[in-house]
Amino acid sequence: MELRFSPLFSGSSGNSLYAGCDGGHLLVDAGVSCARVVAELRKIGVSPAQLAGILVTHEHIDHIRGAGVLSRKYDLPVYASEGTWTAMEEKLGGVAMKNVRVLEPLQDFYVGGMNVTAFDIPHDAAQPVGYTISLGGARLSVATDIGCVRESWLGVVAGSDAVVLESNYDPDMLRAGPYPYALKQRILGRRGHLANDDAGQAAVELVRRGARQIILGHLSKENNFPALAEKCCALALTADGVDLETDAALCVANRDGLTGMFSVRMGF
């Protein structure tokens, strides 16, 4: 069996990722309009009606903008932590009770034939989580909207074959940019977002613990460049002795639209 995934949107203006296998299909977040999510899904040959559910990381609008409409239109279950449900329920515009699924971090469950585990992350939301998705020994983790590198989440993600890892901003660009001071401090904080150099540090540790694909995501449009994020991470990995041709693959997810289809298998 093969676990496949595709970042559909990955940036500060909207996030959504497809994960699936021959037996089922999932979304992680739906932070753009329903129509845009559906359009990208169709490009990879997936009908929204085939989805087994939507896994929500947290209640910020760039992660839930289209979730309510998708759930109502296609009768989809929505999975989120209790704190996230409390914070986002009104924003979704109504979800049928049968489709409200409350999850507990670190308690795994099966959906669409895949094993899913949510894990706590440091971010300024009600009860934010990342996700690991496993199938037949192959493992994908989604670790974005993370304020700092901590063993608490690294330990859960460790051992994943592929990781979608936040590389949100360059600190110098952020400090010199147009954002209000309070917003800059929020992003820089330990419950804000992950800087390029921190993403490189996390990537090094993840590759040491088994990761063979690192996909950098959730880049800020105003405070980062894809080439800069990739270069920072590549430098950190190569300095640790990682060969990016043979040991691990590195790329950057597109902010607006499909990045491509990836395959997750044990041992790369």
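This passage describes the nonpolar cores, one central strand pairing, the largest cavity and the largest pocket of a predicted model.

The largest nonpolar core of the predicted structure comprises 29 residues, among which Trp153, Leu165, Ile214, Leu216 and Leu237 touch the most other members. Two or more residues of this core are given by each of α5 (151-157), β11 (162-166), α8 (196-208), β12 (213-217), α9 (226-239) and β13 (249-252), and the largest share, six residues, comes from α8. The surroundings of Leu237 can be followed in detail: when neighbours within four places in sequence are left aside, Leu237 is in contact with Ala203, Val204 and Val207, and also with Val242, Leu244 and Leu250. Separate from this core is a second one of 28 residues, which includes Leu17, Ala118, Val142 and Ile215.

Strand β11, one of the elements that contribute to the largest core, is mostly covered, with five of its five residues buried. In a regular strand, side chains alternate between the two faces of the sheet. In β11, Ala162, Val164 and Glu166 point one way, whereas Val163 and Leu165 point the other way, and all of these residues are buried. The strand β10 (residues 138-143) runs parallel to β11 and is joined to it by four bridges; within this pairing, Ser141 has Val163 of β11 as its bridge partner.

Enclosed space was also examined. The structure holds one cavity of 30 Å³ or more, and about 110 Å³ of space lies in the largest cavity. Its lining is formed by Pro7, Phe9, Ser10, Asn15, Ser16, Leu17, Val28, Asp29, His63, Val142, Thr144 and Val164. Among these lining residues, Leu17 and Val142 are also included in the second core, while Val164 belongs to the buried strand β11. At least two residues of the cavity lining are supplied by each of β1 (3-11) and β2 (14-21), and by class the lining has six nonpolar, five polar and one charged residues.

The largest pocket has a volume of about 170 Å³ and is lined by 14 residues, of which Ser12, Arg186, Ile187, His193 and His218 are the closest to its centre. Helix α7 (residues 181-188) provides the largest share of this lining, namely three residues. By class, the lining of the largest pocket has eight polar residues, together with three nonpolar and three charged ones.

Technical notes: Residues are numbered from 1 along each chain as its sequence is written. This is a predicted model: local features need pLDDT of at least 70, side-chain atom pairs count only at pLDDT 80 or more; totals for chains, interfaces and linings use all residues. Side-chain values use heavy atoms; hydrogens and water are left out. A nonpolar core is a set of buried Ala, Val, Leu, Ile, Met, Phe, Trp, Tyr and Cys residues joined through side-chain atoms within 4.5 Å. Buried means under 20% relative accessible area, exposed over 50%, partly exposed in between (1.4 Å probe, protein chains only). Contact means heavy atoms within 4.5 Å. On a 1 Å grid over the protein atoms alone, a cavity is a set of points where a 1.4 Å probe fits but cannot get out, and a pocket is an open set with protein on both sides within 12 Å along at least five of seven lines; lining residues have an atom within 4 Å of a point. Grid points are joined across faces, edges and corners, and a volume is the space filled by probe spheres set on the points. Ala, Val, Leu, Ile, Met, Phe, Trp, Tyr, Cys and Pro count as nonpolar, Asp, Glu, Lys and Arg as charged, and the others, Gly among them, as polar. Two strands pair if DSSP finds at least two bridges between them.
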